[in-house]
Amino acid sequence: MSDARKLEFAPFSASPKGVLVVFCEEGLKLGRVTAKALSGTGDLLKRAAAADRFTGKSGSALDIVAPAGLSAPRLVVLGLGKPGKLGSQDFVKLGGAVLGKIPRAASEATIIAEFSAGALKPEQVADMAFGARLRGYTFDRYKTKRKEGEDTPTKTNIALAVGNVAASQKAFVPRAALADGVVIARDLINEPANVLYPEEFVRRCGGLKKLGVAVEVLDVPAMKKLGMGALLGVGQGSVHDSRLVVMRWNGGKKGAEPLAFIGKGVCFDTGGISIKPAAGMEDMKGDMAGAAAVVGLMHALAARKARVNVVGAIGIVENMPDGKAQRPGDIVTSMSGQTIEIINTDAEGRLVLADVLWYVAKRHKPKFMIDLATLTGAIIVALGQEHAGLFANDDKLAENLIRAGAASGEKVWRMPLAPEYDKIMDSKFADVKNAGGRYAGAITAAQFIQRFVADKTPWAHLDIAGTALGSPQTEINKSWSSGFGVMLLERLVADNYER
Ligand code: MN
Ligand code: ZN
């Protein structure tokens with residue numbers, strides 16, 4: 001999406017242009033390059049710091065407009081605290097914070113990436129650039145007017161001055177791929193449902209082909225042939241036909257079992273005949289965030305040529321009330337052969353996942369499957385917006401996900417699965433029902449899905465209803481859609497399955 005800010009690496013020796021951003025440690029300690037850049041300003045920094053009680057604490061900033069002795073229109077000094085303690089995530093956040101300090105109206109800016117002890121490492125610089133990239137994302141393609149007083153975004157050229165340009169560029173390559181993946185997911189989620197309906201979603205997946213990803217699309221007749229009555233029932237009330245998209249990236253050993261990622265892609269969820277209340281229904285354009293994360297992940301992995309085989313499969317439907325729509329009480333037959341009594345047509349995501357998971361396990365025999373879905377309001381009640389709900393039939397996979405969550409900043413919290421919860425999903429008339437009632441709503445949803453995991457395939461389910469949409473604004477996300485899941489799963493793959 002349109003980001004009017006262009007960030008490039010530059011050597012320390014280049015003369016700073018535009019807004020100047022520098023770092024400072026506890027006790028107002030500056031690096032050599034920074035001190036040189038500020039040499040004409042006398043005791044400006046000391047006086048400004050005293051006036052603002054700025055000491056260089058981590059997360060604090062000093063903003064000086066038209067600094068005397070500098071040609072820069074603005075000097076921003078960011079506190080690093082004691083930088084020895086900073087980890088990868090801190091540099092990502094720092095990059096976001098830095099970008100947030102550069103006014104939209106600025107045409108040029110320079111960031112001096114330096115500690116008091118010397119240049120930031122290439123990896124740290126790359127993390128910063130990654131954070132800045134994500135922070136710079138805006139979804140404004142439908143804004144044709146600006147409010148008075150709102151900054152008109154100018155094209156901003158930002159130079160990130162570093163100790164080693166070539167090494168920094170090299171370290172940034174995989175992160176740029178990941179940032180692009182997150183941006184792709186955010187864009188898909190932010191798009192309204194009149195623009196992004198199943199066919200258009202499929203069209204946008206086509207972009208992956210350029211990276212060497214095979215994209216296979218199953219239409220309604222193809223899914224009927226496979227017996228996907230659960231998925232097809234959800235979309236039958238919509239004028240937009242359902243689709244199943246299977247994306248394959250083969251960067252690993254030939255024939256090695258693939259990792260599988262499955263996404264819920266409900267382009268709009270009205271609830272169907274069990275229609276949702278009007279308030280907040282507009283957010284249901286984002287009910288395809290799981291599928292969007294899978295597309296973003298496929299991009300991130302293929303763009304950096306990940307050494308692993310991966311299958312991404314997304315069920316793309318629209319859930320509408322209509323003369324042809326599915327009713328409560330209907331009984332559908334899933335691809336697995338299990339019959340499902342529809343209790344509530346708004347519990348549609350699990351119906352989509354049921355057929356896609358069954359298909360992927362049978363057809364691709366993956367090493368494991370992880371599904372992502374904006375599945376239940378209950379998970380938001382349980383965990384808020386800080387953790388996604390994690391359910392798994394495999395402890396090792398769950399542990400790897402929890403670790404990848406901590407490392408990537410996209411955190412997950414494990415929830416229970418148990419026969420007692422599973423029983424709640426038994427139906428009076430069919431093998432299983434699609435809604436279990438008020439208690440343990442996120443868990444019974446997971447229990448439902450688990451019944452469609454074929455051949456004891458290791459499986460994890462991520463309920464991202466709280467983390468993917470309207471999520472808290474952070475240093476690296478000012479968008480309604482966070483793109484949750486792309487960073488988490490890219491990290492999972494990189495740390496565990498590429499060696
Ligand atoms: Mn629903
Ligand atoms: Zn839904």
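**Group meeting: a sheet and a two-metal site**

Strand S15 (residues 368-373) pairs with S19 in the parallel sense, over five bridges. That pairing is my way into this model, which is a predicted one. In the register between them, isoleucine 370 stands opposite alanine 460 of S19.

Now the other neighbour of S19. Strand S16 (residues 388-392) runs antiparallel to S19, and four bridges join them. Here alanine 392 stands opposite alanine 460. So keep alanine 460 in mind. Isoleucine 370 is opposite alanine 460, and alanine 392 is opposite alanine 460 too.

How many residues of strand S19 are buried? Five of its five, over residues 459-463, so the strand is mostly covered. Take the faces in turn. On one side sit Trp459, His461 and Asp463, all buried. On the other side sit Ala460 and Leu462, also buried. Both faces of S19 are covered, then.

Next, S16 and its further partner. S16 and S17 run parallel, joined by three bridges. Alanine 388 stands opposite valine 412 in S17.

Put the strands together. What is the strand order of the open sheet? It reads S9-S10-S12-S11-S15-S19-S16-S17, eight strands with mixed pairing. Its edges are strand S9 (214-218) and strand S17 (412-414), each pairing on one side only. From one strand to the next, the twist averages 20°.

Two helices lie across these strands. Helix H6 (residues 198-205) lies across S9, strand S10 (243-250), S11 and strand S12 (309-319). H6 runs at about 160° to S12. Helix H12 (residues 395-408) lies across S15, S16, S17 and S19. H12 runs at about 150° to S17.

On to the metals. Which protein atoms are donors to the manganese ion, ligand 1? They are Asp269 (OD), Asp346 (O), Asp346 (OD) and Glu348 (OE), lying 2.0 to 2.2 Å from the ion. Note that Asp346 gives both O and OD. In sequence, the donor residues of the manganese ion are spaced D-x76-D-x1-E. The pair of aspartate 269 and glutamate 348 links distant parts of the chain, 79 residues apart. Aspartate 269 is in strand S11 (residues 259-269). Glutamate 348 is in the loop between strand S14 (339-341) and helix H10 (349-364).

Are these two residues buried or exposed? Aspartate 269 has 2% relative accessibility, so it counts as buried. Glutamate 348 has a relative accessible area of 1%, so it is buried as well. The cut-off for buried is under 20%.

The zinc ion, ligand 2, comes next. Its protein donors are Lys264 (NZ), Asp269 (OD), Asp287 (OD) and Glu348 (OE), at 2.0 to 2.5 Å. Along the chain, the donors of the zinc ion follow the spacing K-x4-D-x17-D-x60-E. Angles among the four donor atoms run from 86 to 178°, and the site is irregular. Why not tetrahedral? Because that class needs all angles between 85 and 135 degrees, and the zinc angles reach 178°.

Aspartate 287 lies in the loop between S11 and helix H9 (289-303), and glutamate 348 in the loop between S14 and H10, so this pair ties together parts 61 residues apart in sequence. Aspartate 287 and glutamate 348 are both buried.

Last point: the bridge. Which residue bridges the manganese ion and the zinc ion? Aspartate 269 does, and the ions lie 2.9 Å apart. Glu348 is a donor to the manganese ion, and Glu348 is also a donor to the zinc ion.

How values were computed. Residues numbered from 1 in each chain as written. Chains lettered and ligands numbered in written order. Predicted model: local features only at pLDDT ≥ 70, side-chain atom pairs only at ≥ 80, totals over all residues. Heavy atoms only, no water. Donors = N, O, S within 2.8 Å, 3.2 Å for Na, K, Ca; no water. Buried < 20%, exposed > 50% of the residue type's maximum accessible area, 1.4 Å probe, protein only. Pairing = 2+ DSSP bridges. Tetrahedral: all angles 85-135°; square planar, octahedral: opposite > 155°, others 65-115°. Axes fitted to C-alpha atoms, helices over the stretch in contact; angles between N-to-C directions. Contact = heavy atoms within 4.5 Å.
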